[in-house]
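Let's take a walk through this one together, from the metal site outwards. Keep the viewer open and follow along.

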Amino acid sequence: MPAATTLRIGEHTRLECRICWYVYDPAEGDEFEQIPPGTAFTDLPDHWRCPQCDAEQDKFLPLDGT
Ligand SMILES: [Zn+2]
């Protein structure tokens, strides 16, 4: 993930998959991969990929706002 993108990702930042528009919300985590609620995107395990389309983490873009 490019550093410029990482800098924009905070603890509560949601990110959207550019491929299928799945949104990762840190408040919800990812039940499919057993990611507990409250896990920031940057704290996801390296093997984590989009649960819908299997895109890698660098295909995700931060959403503005909460
Ligand atoms: Zn996706």
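**Starting at the zinc**

The zinc ion sits in a tetrahedral site, with angles of 102 to 116 degrees among its 4 donor atoms. Before going further, bear in mind that this is a predicted model. The protein donors are the SG atoms of Cys17, Cys20, Cys50 and Cys53, lying 2.3 Å from the zinc ion. Look at how they are spread along the sequence: the spacing reads C-x2-C-x29-C-x2-C. Take cysteine 17 and cysteine 53 as a pair: cysteine 17 belongs to strand β1 (residues 15-17), cysteine 53 to the loop between β2 and β3, and the two are 36 residues apart, so this pair links distant parts of the chain. They also differ in how covered they are, since cysteine 17 is buried with a relative accessible area of 0%, while cysteine 53 is partly exposed at 29%.

Now click on cysteine 50. It is in the loop between β2 (23-24) and β3 (60-62). Is this cysteine 50 buried or exposed? Its relative accessible area is 3%, and because buried means under 20%, cysteine 50 counts as buried. If you skip residues up to four places away in sequence, cysteine 50 touches Cys17, Cys20, Tyr22, Ala55 and Phe60. For a sense of the backbone here, the C-alpha atoms of cysteine 50 and tryptophan 21 are separated by 9.7 Å, with their positions 29 residues apart along the chain.

Next, zoom out a little to the core. Two of the zinc donors, Cys17 and Cys50, are also members of the largest nonpolar core. That core has 12 residues in all, and alongside those cysteines it takes in Ile9, Leu15, Tyr22, Tyr24, Ile35, Phe41, Leu44, Trp48, Ala55 and Phe60. In soluble globular proteins, nonpolar side chains tend to be buried together. Leucine 15 is a good member to select: leaving aside neighbours within four places in sequence, it is in contact with Ile9, Tyr22, Val23, Tyr24, Phe41, Phe60, Leu61, Pro62 and Leu63.

What about the framework around all this? The protein chain has 1 helix and 3 strands, and along the sequence they follow the pattern α-β-β-β. The strands form an open, antiparallel sheet in the order β2-β1-β3. That leaves β2 and β3 as the edge strands, each pairing on one side only. Between β1 and β3 there are 3 bridges, and glutamate 16 has leucine 61 in β3 as its bridge partner.

The loop between β2 and β3 has a couple of backbone oddities too. Most residues other than glycine have a negative phi. Glutamine 34, in that loop, has a positive phi near 60 degrees. Its relative accessibility of 72% makes glutamine 34 exposed. Aspartate 54 lies in the loop between β2 and β3 as well, and its phi is also positive, at about 70 degrees, although it is not a glycine.

Finally, the whole-chain numbers. Of the 66 residues in the protein chain, 33% are buried. The chain exposes about 4400 Å², with carbon and sulfur atoms supplying 48% of that. Among contacts between residues at least 6 apart in sequence, 49% join residues at least 24 apart.

Note on methods:
Residues are numbered from 1 along each chain as its sequence is written. This is a predicted model: local features need pLDDT of at least 70, side-chain atom pairs count only at pLDDT 80 or more; totals for chains, interfaces and linings use all residues. Side-chain values use heavy atoms; hydrogens and water are left out. Helices (H or I, at least four residues) and strands (E, at least two) are DSSP runs, numbered from the N terminus. Buried means under 20% relative accessible area, exposed over 50%, partly exposed in between (1.4 Å probe, protein chains only). Contact means heavy atoms within 4.5 Å. Donors are N, O and S atoms within 2.8 Å of the metal (3.2 Å for Na, K and Ca); water is not among the atoms, so sites may look incomplete. Four donors count as tetrahedral if all angles lie between 85 and 135 degrees; four count as square planar and six as octahedral if opposite donors are over 155 degrees apart and all others between 65 and 115; anything else is irregular. A nonpolar core is a set of buried Ala, Val, Leu, Ile, Met, Phe, Trp, Tyr and Cys residues joined through side-chain atoms within 4.5 Å. Accessible areas come from the Shrake-Rupley method with a 1.4 Å probe; for residues, only the protein chains shown count as cover. Two strands pair if DSSP finds at least two bridges between them.
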